[in-house]
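Open the model in a viewer and keep the selection panel at hand. The stops below go from single loop residues to helices, the core and the domains.

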Amino acid sequence: MAVARVVHTADRTLTGRQLASLLTPPPEGRFGYRELARAVREALLDGRVALRVRLPAERELAAVLQVSRTTVTGAYDLLRESGYAHSRRGAGTWTALPDGQAPTALGSYQDESGATIDLALAAPQAPESELAAALTAAALELPRYAGAQGYHPYGLPALRAAVAERYTARGLPTRPEQILVTSGAQQALSLVLTLLGRAGDRVLAENPSYTNALDAMRGRMLRVTPVPVTESGWDTGLVDAALRQTAPRLAYLIPDFHNPTGHLMPPEQRRELTRAARATGTWLVVDETLTDMALDVPAPAPFATAAGGGDGEQIVTVGSLSKSCWGGLRVGWVRASSRVVTELARVRITADLSGSVLDQLVAVALLDRLGEILPRRVEELRRRRAALSEALARHVPEWRWTLPPGGMCLWIDLGRPIASALASRALRHGVRVEGGARFGVDPGTHEHRLRIPYTLPEDVYESAAERLAAALDGAPGRFADPALPDWVA
Ligand SMILES: Cc1ncc(COP(=O)(O)O)c(C=O)c1O
């Protein structure tokens, strides 16, 4: 893992108004210095406020919050003393984390026995009968291809055409030349980052975000500028400010049932964001892997429709059959201008030359049956979401979550920054689950969140919730936060 080499932004500034909008108001109605310090610390720990962001001048924040300047001075002093802020004369005060506060990564864990309930993967099982039928159809087609060498760096023409046709049917006219078939959305994203990013370039990313995408950025030494996705979704003003302040080369977005929060970006925000990115010359890399997982809302139109979908737009869309059909197929794609697709194919050749012809033929046949597969999948996810939600409500009633309109995960608020410790304890109780820190741009944040997918059959959730409750209760007092000084009690 390249986590140790992450390069962060250090030069963004929050205005008093922006910071105030990100803080949870105190129950008493007005901040004392302890409450203010606690509110900033909590906003930092759950990713609303990024690391290494300059806090507003004391006078400015005092005016916005209608408190005395000494209240803000006292709060900043407390934050500094406890390691949550640093300052230097002339450079102001910026957010930080105390030394040693880092997440526990469970990514390398393998269960050999099968006894562990795996809640770490947000991925569905294959639609069995359709997969079998698609395999038969692919086997019949294969001889037509077997006479040639079988290398198709852009993807099988039939699959490029089928993917393009689906975009067109969803309201975004697309030609096959605009599609590059890849080994899943992950390879699509890696190729895009390789083509469009250079070490040291800035990338704007949502915080939290899809962990493997963040790792791909870190591995390429890209400088990640986080923008928060909170309970209420995206804040266009903050995204706009981040774009203007850092003029990133790329912005990576998951507007459709955002992983891990499940939010769906409203159309007006899509248009505003597209306008703002155009103004700074930023490439929008839009991950629509979860677009078909629309549980309570109509399936969203492709993001690029917000920009007119023209060939000259700096919008690159990444898609996949992993959630709509099956991850084991390893079929995804990039939709971009034909010029960008040509450049991406050059990069792709250096990675793996070409994808498997057989898998792509299966994908063509599955795309043909998507109209039957998706309604069942969506219905199944609704039932599983309800089963997980009900089991959690029974066994861990103190946890909080909002049912997302789509996607595959609940983003649970544990109420305390204990997620990494709980995740490693849960493993001993037979549940693998990812703490929020795995999805944070900055290590050590989102510690009061747990991501729990609802992609397993309904009957596992009772037992999973029971085990999580046991992990939570097992050793009272063991969850004290070592980084919490007395004053935040
Ligand atoms: C937002 C997002 N992007 C990309 C991926 C990777 O998908 P694939 O299996 O197509 O590589 C996932 C899978 O979880 C995802 O949630």
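In which loop is the place of Pro260? Select strand S11 (250-253) and helix H10 (267-280): Pro260 sits in the loop between them. The model is a predicted one. Display the backbone here, since the peptide bond joining Asn259 and Pro260 is cis, with omega about 20 degrees.

A second cis bond is found at Asn207 to Pro208, where omega is near 10 degrees. To reach Pro208, go to the loop between strand S8 (202-207) and helix H8 (211-219).

**Pro300**

Next select Pro300, in the loop between strand S12 (283-287) and strand S13 (315-320). Is Pro300 buried or exposed? Pro300 has 23 other C-beta atoms within 10 Å, so it counts as buried; the cut-off for buried is 20 or more. Leaving aside neighbours within four places in sequence, the residues in contact with Pro300 are Asp256, Leu264, Thr291 and Ala294. Add Phe257 to the selection: Pro300 and Phe257 are 43 residues apart in sequence, and their C-alpha atoms are 9.6 Å apart in space.

**Helix H2 and the loop after it**

Select residues 33-45, helix H2. At 1.5 Å a residue, the 13 residues of H2 should span 18 Å, and the end C-alpha atoms are 18 Å apart, so the two values agree. H2 is mostly covered, with ten of its 13 residues buried. Among the buried residues are Glu35, Arg38 and Arg41, along with Leu36, Val40 and Leu44. To see what covers the buried residues of H2, show elements including helix H1 (16-22), helix H4 (69-81) and strand S5 (92-95).

Just after H2 comes Gly47, with a positive phi of about 85 degrees. Move on to Arg52, in the loop between H2 and strand S3 (53-54). Arg52 is not a glycine, yet its phi is positive, at about 55 degrees. Because 16 other C-beta atoms lie within 10 Å of Arg52, this residue is partly exposed.

**The loop between S17 and S18**

Select the loop between strand S17 (434-435) and strand S18 (449-453), where Asp442 lies. His446 is in the loop between S17 and S18 as well. The phi of His446 is near 60 degrees, a positive value in a residue other than glycine. His446 has 28 C-beta neighbours inside 10 Å and therefore counts as buried. Asp442 is buried too, with 24 other C-beta atoms within 10 Å. For a long distance label, pick the C-alpha atoms of Asp442 and Tyr151: they are separated by 40 Å, and the two residues are 291 residues apart along the chain.

**Helix H7 and the core**

Now select residues 184-196, helix H7. The expected span for its 13 residues at 1.5 Å a residue is 18 Å; the end C-alpha atoms are 19 Å apart, which agrees. Eleven of the 13 residues of H7 are buried, so the helix is mostly covered. They include Gln186, Gln187 and Ser190 as well as Leu189, Leu191 and Val192.

Which residues are in contact with Val192, leaving aside its neighbours within four places in sequence? Show Val285, Val316, Val318, Val334 and Leu344. Val192 is also among the residues with the most contacts inside the largest nonpolar core, together with Val40, Met217, Val285, Val334 and Ala363. That core has 142 residues. Its largest share, eight residues, comes from helix H13 (residues 357-368).

**Domains and the whole chain**

Color the chain by domain: domain 1 (3-95), domain 2 (117-122 + 372-488) and domain 3 (128-368). The C-alpha centres of domain 2 and domain 3 lie 27 Å apart. Between these two, 23 residues of domain 2 are in contact with 26 residues of domain 3. On the domain 2 side, helix H14 (370-395) and strand S15 (409-413) each supply at least two residues. H14 gives the most, with seven residues. By class, this side of domain 2 has twelve nonpolar, five polar and six charged residues.

Finally, zoom out. The chain has 16 helices and 18 strands. Its radius of gyration is 23 Å, close to the 23 Å given by the globule rule for 489 residues, so the chain is as compact as a globular protein of that length. Along the principal axes the C-alpha trace spans about 80 × 50 × 35 Å. Of the 489 residues, 48% count as buried.

Technical notes
Residues numbered from 1 in each chain as written. Predicted model: local features only at pLDDT ≥ 70, side-chain atom pairs only at ≥ 80, totals over all residues. Core = buried A, V, L, I, M, F, W, Y, C linked by C-beta atoms within 7 Å. Buried ≥ 20, exposed ≤ 12 C-beta atoms within 10 Å, placed from the backbone. Helix = DSSP H or I, 4+ residues; strand = E, 2+ residues; numbered from the N terminus. Contact = placed C-beta atoms within 7 Å. Expected span 1.5 Å × (residues − 1). Rg over C-alpha atoms; globule rule 2.2 N^0.38 Å. Domains from an automatic or database assignment. Nonpolar A, V, L, I, M, F, W, Y, C, P; charged D, E, K, R; others polar.
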